Amino acid sequence: MTSPNTRTRLIWRDGKKVRAHRWIMEQYLGRKLLPGEHVHHRNGNPLDNRLENLQVLSPKEHMQWHKAHDRVPKPCANCGQVFTPTQRQHKRQKCCSPECAMAMRVVARKRQAASSRKSSRRSASGSSKQKKRG
Ligand SMILES: [Zn+2]
Ligand SMILES: [Zn+2]
């Protein structure tokens, strides 16, 4: 698992690359940030480094925020309704509900059956479990 927060803007300060949002926050606070102080982008856009968009959070708070907000709504593959996938399977989830996922599966099966029906022949009865193509 890689962190989604890699799209941060880097700037050169004192001969080294620093993360712009951390540097801006340090200027605002007038001190260096501690390792346990994360600078978070309130609106979720890591390139928006306006001071009002920045916020110091503990690593725990920061993680929780992203857990809750890094879910992107997308349209259901079956009914088209926009839904927000659950965190656990947000990459795999294509349908808004188990019913839609089921419907998708049924459609896929029907398609498979339709395409194999053309070439199917009456096979000898008996081995119904092992299906061979053609
Ligand atoms: Zn953040
Ligand atoms: Zn749906």
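## The first hairpin

Strand β1 (residues 10–13) runs antiparallel to strand β2 (residues 16–19), and four bridges tie the two together. Some vocabulary first: strands are DSSP E runs of at least two residues, helices are H or I runs of at least four, and both are numbered from the N terminus. Two strands count as paired once DSSP finds at least two bridges between them. One of the bridges links Trp12 to Lys17 in β2.

The turn sits between those strands, and Asp14 is found in that loop. Two residues separate the strands of this hairpin, and Asp14 takes a positive phi near 50° there. That's a positive value in a residue other than glycine. Is Asp14 buried or exposed? Asp14 is exposed, because it has 5 other C-beta atoms within 10 Å. The scale here: 20 or more other C-beta atoms within 10 Å of a residue's own makes it buried, 12 or fewer makes it exposed, and anything in between is partly exposed, with C-beta atoms placed from the backbone.

## What kind of model this is

This is a predicted model, so to speak of local features a pLDDT of at least 70 is needed, and side-chain atom pairs count only at pLDDT 80 or more, while totals for chains, interfaces and linings use all residues. Residues are numbered from 1 along each chain as its sequence is written, with chains lettered from A and ligands numbered from 1 in the order in which they are written.

The mean pLDDT (the predictor's confidence in each residue, from 0 to 100) of the protein chain is 83, and 79% of its residues reach 70 or more. Over residues 1–5, though, the pLDDT is below 50, and this stretch has three contacts in the model beyond near neighbours in sequence. A contact here is two residues whose C-beta atoms, placed from the backbone, lie within 7 Å. Among the elements, strand β4 (residues 54–57) has the highest mean pLDDT, 97, and helix α3 (residues 98–119) the lowest, 85.

## The overall layout

The protein chain has three helices and six strands. Read from the N terminus, the order is β-β-α-β-β-α-β-β-α. Only a small share of the chain is buried: 6% of its 134 residues. Take the contacts with a separation of 6 or more, and 26% of them involve residues 24 or more positions apart.

## Arg19, at the end of the hairpin

Back to β2, where Arg19 lies. Arg19 counts as partly exposed because 17 other C-beta atoms fall within 10 Å. Which residues does Arg19 contact, leaving aside its neighbours within four places in sequence? The answer is Thr8 and Leu10. Arg9 is 10 residues away from Arg19 along the chain, with 6.0 Å between their C-alpha atoms.

## Two loops around β5

Arg71 is found in the loop between α2 (59–69) and β5 (74–75). It's partly exposed, with 14 C-beta neighbours inside 10 Å. Arg71 and Thr84 are 13 residues apart in sequence, yet C-alpha to C-alpha the gap is 6.5 Å.

Ala77 lies in the loop between β5 and β6 (82–83). Like any residue in that middle band, Ala77 is partly exposed, here with 14 other C-beta atoms within 10 Å. Not counting residues up to four places away in sequence, Ala77 touches Lys94, Cys95 and Met104. Ala101 is 24 residues from Ala77 in sequence and 8.4 Å away in space, C-alpha to C-alpha.
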